[in-house]
Amino acid sequence: MAAGLRKRGPAGTGTGSGARWGLGLGPAPLKRAWQERRLLLLEPRYTPLVAACLCLAEVGINHWVIRRVACE
């Protein structure tokens, strides 16, 4: 097998809602994404996951800053 290539199962055997649209999201996408951290930056299929995490982090930081700044 060539380096970097993985075997795929037959079409339609995926689980989870992402499998219907070909996103490759199995039963535990977050666990797999964390184990393969480098793929988070290189694989386009993880872009929505990374974007969602960044947005949540931004909301949290903005909330913290707004609460921290003294209102006068």
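Pro-29 is partly exposed, because its relative accessibility is 23%, a little above the 20% under which a residue would be called buried. In this predicted model, Pro-29 sits in helix α1. Follow the chain 20 residues along from Pro-29 and you get to Leu-49; the C-alpha atoms of the two are separated by 9.5 Å.

Now for the overall layout. The protein chain has three helices and zero strands, so if you read along the sequence you simply get α-α-α. Helix α1 covers residues 29-35, and helix α3 covers residues 47-68.

How much should you trust each part? Among the elements, helix α3 has the highest mean pLDDT, at 93, while helix α1 has the lowest, at 74. Averaged over the protein chain, the pLDDT is 74, and 58% of the residues score at least 70. Over residues 16-21 the value is below 50, and beyond near neighbours in sequence that stretch has six contacts in the model.

Next, the surface. Of the 72 residues in the protein chain, buried ones make up 6%. The accessible surface comes to about 6,700 Å², and carbon and sulfur atoms account for 63% of that.

Which residues make the nonpolar surface patch of about 400 Å²? They are Ile-61, Trp-64, Val-65 and Val-69. Ile-61 is a good one to click on: you'll find it in helix α3. Ile-61 counts as exposed because its relative accessibility is 52%, and the cut-off for that label is over 50%.

That leaves the cysteines. The structure holds zero disulfides. As a reminder, a disulfide is a covalent bond between the sulfur atoms of two cysteines. Why is Cys-53 not in one? The closest cysteine sulfur to that of Cys-53 belongs to Cys-55 and is 9.5 Å away, which is too far for a bond; to count as a disulfide, the sulfur atoms would have to be within 2.5 Å. Looked at from the other end, Cys-55 is in no disulfide either, with the sulfur of Cys-53 as its nearest cysteine sulfur.

Are these two cysteines buried or exposed? Neither label fits, because partly exposed is the class in between. Cys-53 is partly exposed, with a relative accessible area of 45%, and Cys-55 is also partly exposed, at 46% relative accessibility.

Definitions and conventions
Residues are numbered from 1 along each chain as its sequence is written. This is a predicted model: local features need pLDDT of at least 70, side-chain atom pairs count only at pLDDT 80 or more; totals for chains, interfaces and linings use all residues. Side-chain values use heavy atoms; hydrogens and water are left out. pLDDT is the predictor's confidence in each residue, from 0 to 100. Helices (H or I, at least four residues) and strands (E, at least two) are DSSP runs, numbered from the N terminus. Contact means heavy atoms within 4.5 Å. Patches are made of residues with over 30% relative accessible area and no salt bridge: like charges are joined within 9 Å, nonpolar side chains (Val, Leu, Ile, Met, Phe, Trp, Tyr) within 5 Å. Accessible areas come from the Shrake-Rupley method with a 1.4 Å probe; for residues, only the protein chains shown count as cover. A salt bridge is a side-chain nitrogen of Lys or Arg within 4 Å of a carboxyl oxygen of Asp or Glu. Buried means under 20% relative accessible area, exposed over 50%, partly exposed in between (1.4 Å probe, protein chains only).
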